[in-house]
Structure formats: structure tokens, C-alpha cells
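Here is a friendly briefing to read alongside the model. It goes topic by topic, so feel free to keep the viewer open as you read.

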Amino acid sequence: MTYSVAVSGASGYAGGEILRLLADHPDFEVRTVTANQNAGQPLVAVQPHLRVYTHLTLRETSAATLAGHDVVFLALPHGASGAIAAELAPETLVIDCGADHRLERAADWAAFYGGDHHGAWAYGVPELPRLQGTQRERLTGARRIAAPGCNASTVALALAPGIRAGVIESRDLVTVLAVGPSGAGKSLKAHLLGSEILGSANPYSVGGVHRHIPEITQALRWAGAADPTISFTPVIVPMSRGILATSTARIVPGTDAAAVRAAWEDAYAGERFVQLLPAGQFPRTADVLGANTALLGLAVDEAAGRVVVVTAVDNLVKGTAGAAIQSANIALGLAESTGLPVNGVAP
């Protein structure tokens, strides 16, 4: 069966990456692409690398334009998806790549985003460990899916195995991320200009104010943390895409290094897209460029009594578009890896 697909926000980075991956998906046919300011232009005028879509013209983003498709990907700014999604038929598979449907707690939405809270959908990180099973089971048959925040899913994948296994404490979690500016979207912003970021590393949203914090703590509660707290500091670095997250946590007293490593080995054994590297090895962002793959390296800092997990993802693939398509595959009963690359691009 071929599923008809519409992609909103197709002129942006996330929308463009969804389209790039869908071009090689045997079961999805992209029939409609939409935008706001760029409506009326040929898709390739704003996404010139997507040559297989020369026949498509960007249409205005509206529920009426998106209606009638089997699958709809919403790659819209935060706050813009909720109203449109509410007008789409319940049998349509809708994947929201914005934040509108990620958070269960209305108070978290009010504190970090503001505006109307549209409720939580099934969270689109299949491999995420939960206290029982993984998030994958909650995606089977779903018709409303919230794709993750790229930073949030990276950190959650890094720490959830230790929380679930009871080998790390859920207080005093610390993570520092080197991130590419594509995670901030395609809109022109002065602090993201090449002249501002080349040759520099720039921290932002410092001091517990980043919007992905409640998303991380929500995922860690699913893994068994009662009241997790995390210090989260992202740093923009001069690479167009990628995240390298260094996350640390206190080891539960009396837990040996072998038990710590076993928690992550058990969590991701057999996973195609989330892989723990051998002891002593740590990933680079270059290793996952263009791939729907998260690579993790783990070390135990005996002197500090902490575990250190270094995680690399491509923020536009495993962090957003790849996670969205992987989740859609599961929801529709397709092979989970259909259309998704596990290998990166080098050099």
C-alpha cells in the first residue's frame, strides 16, 4: 500500500529533511507541500537539493490543504500546530515536529512556552527506555505523534537507561551540548549569522530556561525518576548540523562499573539506530552526519563517582525528521527502519 503524504513547513530545515528522507521511502508518496511566506514558489526554489520534487509547488499552510492525506507531517513553529491538527480527521496519521504536543503537564507548557496547551501525543522516540518496555509500544497504531526536541531526545536517550536500572541518581544531572545552528530553524537571526558563529562557541538559554528541560525530565520520569533535576547548557558551535551531548550523573553508592555499563548495554541491545560503543570509544558528530543513528560512549569517573555519557546525533535526522518517520513506520505497521539510513556520510 502507498500512503499519501503532506508536509507542512516544507521550506524549512526540518520540513526539508523530512522530504529528503521520504524521497527514498517505498511506501510514502509526497503529494502536497506547504509553506507560509514561500507559498506559491516551486519547492526546489527554496530546497534546491531536493531534485526529485521538481513537480511540486508550495501551497498555503491550512487544514484544508492538508486534509485528505493518509499522513501529515507538521514542521511548523511552536504554537502553530495545535489549531491545524485539531481540524484534521482522526484517522489521519499526524506527526507534529514542533513542541505543541510533547508535554503532558500544562504547567510545564505555560512555564516554558506560554499560550494554549494542546495536550500530549505519543512521544516519537521509539528506543526511549521506560520503566516497563520502551516508548515503541506506545507508538504502535497511534494516529497522533509528537516528534521530539532534538536536544531533549539526545539527553533522554543518554540518561534513561541508568535511571531505569537504578544505577544513577536522578538529582544533580548535568549535561552540556555542542549544537549546530540548524536546530534553531531557518529563520534569519542575527546571532546565527555565519559571521557571528564562525570561529566561536556561544552558550544560550543558560540557567535552567531552555525549553527542552521539561521534555527531558518528563522522559526520565517515564524511566522511573521520581523528581529529576538537570542542569542543561547548550552551546552553539560552527557546524551546520549535529549534537554532541556530554551528560553526567552521580552513581548510586555501592554500584560497580560493570553494573553501570550493563544498564546501557541492556537498554540498547539489538537496537538498529541507538548504539553503545565499546568501552573506551566515544562518538563524533561526523560519525552520524545524515544518519538516523545515535551513538553513545560511556565512562565511569571513579574519582568523581559519576557516569559520563557522550552522545552524538544529527539533529535534523535522528533528532527530528528521522525520528518522525521512524515513528510513522511503527504506527502504520511498516518495518521500523524503512527509508531510514543507519550509515553516515564521510568525510
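Helices here are DSSP runs of H or I with at least four residues, and they are numbered from the N terminus. With that naming in hand, Gly224, just after helix α9, takes a positive phi of about 120°. Please keep in mind that this is a predicted model. The points below cover that helix, a buried acidic residue, the salt bridges and the largest pocket.

**Helix α9 and what follows**

- Helix α9 spans residues 213–222 and is mostly covered, with ten of its ten residues buried.
- Among the buried residues of α9 are the charged-type side chains' owners Glu215 and Arg221, along with Ile213, Pro214, Ile216 and Trp222.
- The cover over the buried residues of α9 includes the helices α5 and α7, as well as the strands β6 (122–123), β8 (173–179) and β10 (230–236).

**Asp100, a buried acid**

- Where does Asp100 lie? Asp100 is in the loop that runs between β5 (93–96) and α5 (106–112).
- Asp100 is buried and yet has no salt bridge. Arg102 is the nearest side chain of opposite charge, and it is 7.9 Å away, whereas a salt bridge needs the nitrogen and the carboxyl oxygen within 4 Å.
- Which backbone nitrogen lies 3.1 Å from a polar atom of the Asp100 side chain? That nitrogen belongs to Ser81.
- The backbone nitrogen of Ala80 lies 3.4 Å from a polar atom of the same side chain, that of Asp100.
- Leaving aside neighbours within four places in sequence, Asp100 is in contact with Pro77, His78, Gly79, Ala80, Ser81 and Gly82. Trp109, His118 and Gly119 are also contacts of Asp100.

**Salt bridges**

- How many salt bridges does a search of the whole structure find? The search finds 14.
- Arg20 and Glu17 meet through their side chains in a salt bridge, at 2.7 Å from N to O. The two residues are three apart in helix α1, so about one helical turn separates them.
- Is Glu17 buried or exposed? Glu17 is buried, with a relative accessible area of 2%, while Arg20 is partly exposed at 29%.
- Glu17 also forms a salt bridge with Arg241, where the closest N and O atoms are 2.9 Å apart. This pair links distant parts of the chain, since Glu17 sits in helix α1 and Arg241 in the loop between β10 and β11 (243–250), 224 residues apart.
- Arg241 is partly exposed, its relative accessible area being 21%.
- Another salt bridge joins the side chains of Arg136 and Glu336, at 2.8 Å from N to O. Arg136 belongs to helix α6 (residues 136–139) and Glu336 to the segment after α11, so this pair ties together parts that are 200 residues apart in sequence.
- Glu336 is partly exposed, with a relative accessible area of 21%.
- Through shared partners, salt bridges join Glu17, Arg20, Arg241 and Asp314 into one network.

**The largest pocket**

- The largest pocket holds about 1,300 Å³ of space.
- Its lining is made up of 47 residues. Pro77, Gly183, Ala184, Gly185 and Lys186 lie nearest the centre of the largest pocket.
- Which elements give two or more residues to that lining? They are α1 (13–22), α7 (150–165) and α11 (317–332).
- Pro77 ties two topics together: Pro77 is in contact with Asp100, and Pro77 is one of the residues nearest the centre of the largest pocket.

How values were computed: Residues are numbered from 1 along each chain as its sequence is written. This is a predicted model: local features need pLDDT of at least 70, side-chain atom pairs count only at pLDDT 80 or more; totals for chains, interfaces and linings use all residues. Side-chain values use heavy atoms; hydrogens and water are left out. Buried means under 20% relative accessible area, exposed over 50%, partly exposed in between (1.4 Å probe, protein chains only). Lys and Arg count as positive and Asp and Glu as negative; His and the chain ends are not counted. A polar contact is a pair of N or O atoms within 3.5 Å; within protein, one must be able to donate a hydrogen and the other to accept it, and residues adjacent in sequence count only if both atoms are side-chain atoms. Contact means heavy atoms within 4.5 Å. On a 1 Å grid over the protein atoms alone, a cavity is a set of points where a 1.4 Å probe fits but cannot get out, and a pocket is an open set with protein on both sides within 12 Å along at least five of seven lines; lining residues have an atom within 4 Å of a point. Grid points are joined across faces, edges and corners, and a volume is the space filled by probe spheres set on the points.
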